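Student: Could we go through this model together? I would like to know what stands behind each label.
Tutor: Happily; let's have it in front of us.

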Amino acid sequence: SLDDNQRTILGGGVVLPTPFGELTGTMQRVAFAHPSASGYFAPRSARTAEVGSYAELESDRGVRLAIDLAAGAQQVTDTLGVTGKWSPAFRGWGDLALPLAPGREIHLQLEAYDAVIGSEVATTGASRWKFVSASLALRWAMY
């Protein structure tokens with residue numbers, strides 16, 4: 001059977017340009033109509049507040065660096081209406097491309113996340129979402 005669960009999102013943010021990229025501040029509230037039967041915990045509601053920064057840099061030789069970092073807090077109200085305390089949340093993403101020749105580059109990506117709620121506001125109930133990933137690739141264009 002399919003689990004039909006209505007999700008309501010209310011949020012807002014501010015983006016400020018800086019000489020080194022952009023600075024953001026966001027707040028969001030997400031609510032679900034009922035608990036999920038999909039193998040993850042859909043809370044009654046979750047609130048997030050976050051300050052972040054995003055920047056992209058490129059050298060004359062074509063070396064590219066993109067960085068997205070954020071820190072904030074999250075609060076979850078479970079399906080019984082019990083509201084947890086605000087907990088810290090952190091995320092980071094970085095992308096580095098080093099050109100070797102036309103159509104070829106070494107590409108490194110790093111990503112990390114540590115928070116109460118994960119993507120799409122799924123939770124595991126009592127534990128935190130934590131992960132770190134890294135990938136290294138040789139990209140070769142096929143002409």
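Tutor: This is a predicted model. A good place to begin is β2 and β3, which pair in the antiparallel sense over 10 bridges.

Student: What makes β2 and β3 a pair?

Tutor: Two strands count as paired if there are at least two bridges between them. β2 and β3 have 10 bridges, so the label applies. One position to look at is V30, which stands opposite A46 in β3.

Student: How do you know that β1 and β2 pair?

Tutor: The requirement is again at least two bridges. Strand β1 (residues 7–18) and strand β2 (residues 21–32) are joined by 12 bridges and run antiparallel, so they are a pair. T18 has G21 of β2 as its bridge partner, and the connection from β1 to β2 is a hairpin of 2 residues.

Student: Which elements make up the protein overall?

Tutor: From the N terminus on, the order is β-β-β-β-β-β-β. That gives 7 strands and 0 helices. Of the 143 residues in the protein, 25% are buried.

Student: Let's turn to the surface. Why is E58 called exposed?

Tutor: Exposed means over 50% relative accessible area. E58 has 58% relative accessibility, so it counts as exposed. E58 lies in strand β3 (residues 45–58).

Student: Which residues join E58 in the negative surface patch?

Tutor: E22, E56 and D60 form that patch together with E58. Asp and Glu count as negative, so the patch of E22, E56, E58 and D60 is called negative.

Student: And what makes M142 exposed?

Tutor: The cut-off is over 50%. M142 has a relative accessible area of 75%, so M142 is exposed. M142 sits in the segment after β7.

Student: Which patch does M142 belong to, and what makes that patch nonpolar?

Tutor: M142 shares a surface patch with L98, L100, I106, L136, L138 and W140. Leu, Ile, Met and Trp are among the side chains that count as nonpolar, so the patch earns its name. Together its residues have about 790 Å² of accessible area.

Student: Which strands supply at least two residues each to the nonpolar patch?

Tutor: Those are β5 (87–101) and β7 (129–140). β7 gives the most, with 3 residues.

Notes:
Residues numbered from 1 in each chain as written. Predicted model: local features only at pLDDT ≥ 70, side-chain atom pairs only at ≥ 80, totals over all residues. Heavy atoms only, no water. Patch = residues over 30% accessible without salt bridge, like charges linked within 9 Å, V, L, I, M, F, W, Y side chains within 5 Å. Areas by Shrake-Rupley, 256 points an atom, 1.4 Å probe, with all protein chains shown as cover. Salt bridge = Lys/Arg side-chain N within 4 Å of Asp/Glu carboxyl O. Charge placed at Lys NZ, Arg CZ, Asp CG, Glu CD. Helix = DSSP H or I, 4+ residues; strand = E, 2+ residues; numbered from the N terminus. Buried < 20%, exposed > 50% of the residue type's maximum accessible area, 1.4 Å probe, protein only.
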